[in-house]
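Me: I should be grateful for a close look at a single part of the assembly shown below. Please describe that part in detail and then place it in the setting of the whole.

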Amino acid sequence: MSVDTVSYVRTELSEPLPPPRSSTGVIGWMRKNLFASVTDTILTLVGLVIVVWAAPQLYSFLIGHAVWVAEDGEACRVPGTGACWAYVWDRADFFVYGFYPVDKRFADWPGVLSTVLGYWRINLVFLVGLVLLVPLLMPKVPYKLINALLFFVVFPVLVYFLLNGGVFGLEAVPTEKWGGLTVTLIIGLVGIVTSLPLGILLALGRQSKLPIIKIACVMFIELWRSVPLITVLFMASIMLPLFAPEGVTVDKLLRALIGVALFNSAYMAEVVRGGLQAMPRGQYEAAAALGLNYWKRMILIILPQALKYVIPGIVNTFISLFKDTSLVSIVGIFDILKTVQSSTADLNWTSPTQAITGYIFCAAVFWVFCFSMSRYSRSMERRLETGHKR
Amino acid sequence: MAVQTPLTRPPRATSWLNDPVIRGWIYQVVVAVVIIAFIAFIAHNTATNLAQQNKSTGFDFFFQTSGFDILFSLIPYGRGSYYWEAFIVGLLNTLLVSAIGIVFATMLGFTIGIARLSGNWIISRLATVYIETLRNIPLLLQLFFWYFAVLKAMPGVKNSIVFLDSALNQRGLFTPKPIFDDRFIYVVIAFVAAVVTGLFVRAWARRRLEATGARFPVFLSFVALIIVLPGLAWLVSGTHVEFDVPVIKGFNYSGGLALPPEFLALALGLILYTATFIAEIVRAGVQSVSYGQTEAAQALGLKEGDRLRLVIIPQAMRVIVPPLTSQYLNLTKNSSLAVAIGYPELVSVFMGTTLNQTGRAIEVVFITMLVYLVISLTTSLIMNWYNARVALVER
């Protein structure tokens, strides 16, 4: 008896039935994610109330009733107006460039061009930084080593000579005149460039079998990690002049930089130590079996793996370093927060929303930098992820 | 039988300079000499600079009158007080704002962290937005925002926002302060007794559970004890509590509990900022417990609550607690940012005003750093003990 003689046996699979309508599409999604149980429904309603209450207010403050274009604070003083963006736009030069002198040669150029070219030294620095940074962040672009060297070693030197001037016929600009976002980015960059190598050295020292070196590193790390950054900055600004030999004055910005670098190198050291400890012992032994000396073992075998392992931690330290740059405003350096803070007293723009608008702008700037850093670190994490997750 | 020849060192193939032990000692001596020379160099420079500026050194300033007033103090303090009292005031204010910050940041952080893991889409999105916004904005900026843009922009005393006998205005928050009479002590005693009894009940229930397998509603009986015993004591002792309600007198509120805007802004900023980090720690902790654990607990037939209490939470806590402590330390250290908005904590009172008035930079900086060092080292000692206790016992 063959199959084709038996008419009641199916010769092919029947089409699967569609899932019940209540578990697919928008309704299914809502049942699963919003109204799965009574508690869930209540929570959803609470959440909706929050959104419905907050969203229109935020919209009306930030966009709807905001003042976008104005000559002075007159329009922002009208009761019921929202953010005073015209004020931010008017003071934008100060927020970005601080007291940096404008190149007078470009004063007659139209509109934005006069600003862009007027601050050409800072803008050139921004441009070069961007050109070097973007390929460095893209995993597929080759020549990473050269690129990294250019960005982390050559670029800071270029920044110094270009901004400080005094050479190649550039007008000398003392660091007191540097300010705004420029200074925030400089402190961030210098902090990152110095704290990573210092941190690696300290972490290696802490792992060392040599007792004196180990103790020195542990003490250094624990000291900086247990005190707040603000005390370190105070110490740097008050005590460094005392520590320096007679007649030597340490630049104010440099003092803050030293403080930030030392402080963050201790945190970096602990992050790197995590990576070193997570390495299987076999790697250390294999490296030693190859007959490599200590530095070759570390540089060729251990560190590349250990650092790759702690990239998220390193980026997190960078993020907190970048946020912490705002603390230099307390010791009197005009970073972006200090420029915003001091502009709240700008009589031309006095209005009830002046301060709040400035802070929102400043927060947005910091947020964009920090959020993109953390997103980038997440994507790196995912790229390097080899384990199995459920 | 082979005669064992005594082991002899083979002659050195290379110079003694290549011996790792000798090299190690050479490196260490070099490092030690460099460090000592550096410290000596700094000490010499400092001494020279101080001598040239005609500055005196020493800790005697502690017993001089400070001559400045402090806006918010837990102990009696005035212009005539000594510097050491100013130091204590600052230290207490630091500890106060840290303690309050830690309690509330933990509660908020756990809530937000669990909300972020929630299956409810809108709740988890709201939690994510909260975390990602506040975490990426510097704390100092948030403090400025709360202090200058929100609390200082509050209405004046005459137009205070009044709710439940409390008043919120430019000068801070004024709330009723409970005043207890002498007999209230019985209620306190009853409360302590309830807690102690509760602990005994817990121990007894556990022994009985292990011996017979019979369960006892420990949590409910604990709650009942804590409500019933003090309540009884309240009724029997006949104590009554009055509230000192703040009222407008002249240009300001008087009476009640007055919290200056500086304190409110600092506490608010610290709580909201640290909660984001705690939320992320909680999320990571809960996610670190693999799903197999949940399945295994279900296979054992444990109820939902028991599953969480006996299987998931203990394992999650092992991951949560160490970074949580470091967040507590961060919060304590971050409270020093108060110097920017004028809340008189340690750095502001001591490293700010005292240093400016006495000019004893080295002593003041040294003591301030020492305080933080002690706080942090004590915490890490306790942490190490805890870690050793909960560490995974491996074969």
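The discussion that follows starts from one helix and works outwards. Which residues of helix 4 of chain B are buried, and what covers them?

Reply: The model is a predicted one, and local features are described only where pLDDT is at least 70.

Helix 4 of chain B runs over residues 139–151, and 11 of its 13 residues are buried, so the helix is largely enclosed by the rest of the structure. The buried set begins with Leu139(B), Leu140(B), Leu141(B), Gln142(B) and Leu143(B). It continues through the aromatic residues Phe144(B), Phe145(B), Trp146(B) and Tyr147(B), and is completed by Ala149(B) and Leu151(B). Both chains contribute to the cover over these residues. From chain A it includes helix 14 (336–343) and helix 15 (354–384); from chain B it includes helix 7 (261–288) and helix 9 (304–334).

The involvement of chain A leads to the contact between the chains. Chain A gives 45 residues to this contact and chain B gives 46. On the chain A side, the elements that supply two or more residues are helix 2 (38–64), helix 8 (211–226), helix 9 (229–243), helix 14 and helix 15. Helix 15 of chain A provides the largest share of that side, with 10 residues. Sorted by class, the chain A side comprises 33 nonpolar residues, 8 polar and 4 charged. Helix 14 and helix 15 of chain A thus appear twice: among the elements on the side that touches chain B, and in the cover of the buried residues of helix 4 of chain B.

A helix of chain A offers a contrasting pattern of burial. Helix 5 of chain A (residues 120–137) has 18 residues and reaches 25 Å from its first C-alpha to its last, close to the 26 Å expected at 1.5 Å a residue. The buried residues of this helix are Arg121(A), Ile122(A) and Val125(A). Viewed down the helix axis they fall within an arc of 95°, so they line one face of helix 5 of chain A. An α-helix has 3.6 residues a turn, so residues three or four places apart point the same way. On the other side of helix 5 of chain A, the residues Leu127(A), Leu130(A) and Val134(A) are exposed. The cover over the buried face includes helix 3 (85–97), helix 6 (144–164) and helix 7 (180–207), which belong to chain A.

Further along in chain B lie strands that pair into hairpins. Strand 1 (residues 161–163) and strand 2 of chain B run antiparallel and are joined by 3 bridges. Ile161(B) has Leu168(B) of strand 2 as its bridge partner. These two strands form a hairpin with 2 residues between them, and Leu164(B) in the turn has a positive phi of about 50°. Strand 2 of chain B also pairs with strand 3 (residues 172–175), again in the antiparallel sense and over 3 bridges. Here Leu168(B) stands opposite Leu173(B), and the two strands form a hairpin with 2 residues between them.

The side chains of strand 2 of chain B (residues 166–169) alternate. Ala167(B) and Asn169(B) point to one face and are buried, whereas Ser166(B) and Leu168(B) point to the other and are not.

Finally, the chains as wholes give the setting. Chain B has 11 helices and 8 strands, whereas chain A has 15 helices and 0 strands. The C-alpha trace of chain B spans about 95 × 75 × 45 Å along its principal axes; the corresponding box for chain A is roughly 110 × 75 × 40 Å. The radius of gyration of chain B is 29 Å, where a compact globule of 395 residues would have one near 21 Å. Chain A likewise has 29 Å, against a value near 21 Å for a compact globule of 390 residues.

Of the 395 residues of chain B, 29% count as buried; of the 390 residues of chain A, 32% do. Against that background, helix 4 of chain B has 11 of its 13 residues buried. Among contacts in chain B with a separation of 6 or more, 66% are between residues 24 or more positions apart. In chain A, 64% of the contacts between residues at least 6 apart in sequence join residues at least 24 apart.

Notes. Residues are numbered from 1 along each chain as its sequence is written. Chains are lettered from A and ligands numbered from 1 in the order in which they are written. This is a predicted model: local features need pLDDT of at least 70, side-chain atom pairs count only at pLDDT 80 or more; totals for chains, interfaces and linings use all residues. A residue is buried if 20 or more other C-beta atoms lie within 10 Å of its own, exposed if 12 or fewer, and partly exposed in between; C-beta atoms are placed from the backbone. Helices (H or I, at least four residues) and strands (E, at least two) are DSSP runs, numbered from the N terminus. Two residues are in contact if their C-beta atoms, placed from the backbone, lie within 7 Å. Ala, Val, Leu, Ile, Met, Phe, Trp, Tyr, Cys and Pro count as nonpolar, Asp, Glu, Lys and Arg as charged, and the others, Gly among them, as polar. The expected span of a helix is 1.5 Å times one less than its number of residues. The arc is that of the directions from the helix axis to the C-beta atoms. Two strands pair if DSSP finds at least two bridges between them. The radius of gyration is taken over C-alpha atoms; the globule rule is 2.2 Å times the number of residues to the power 0.38.
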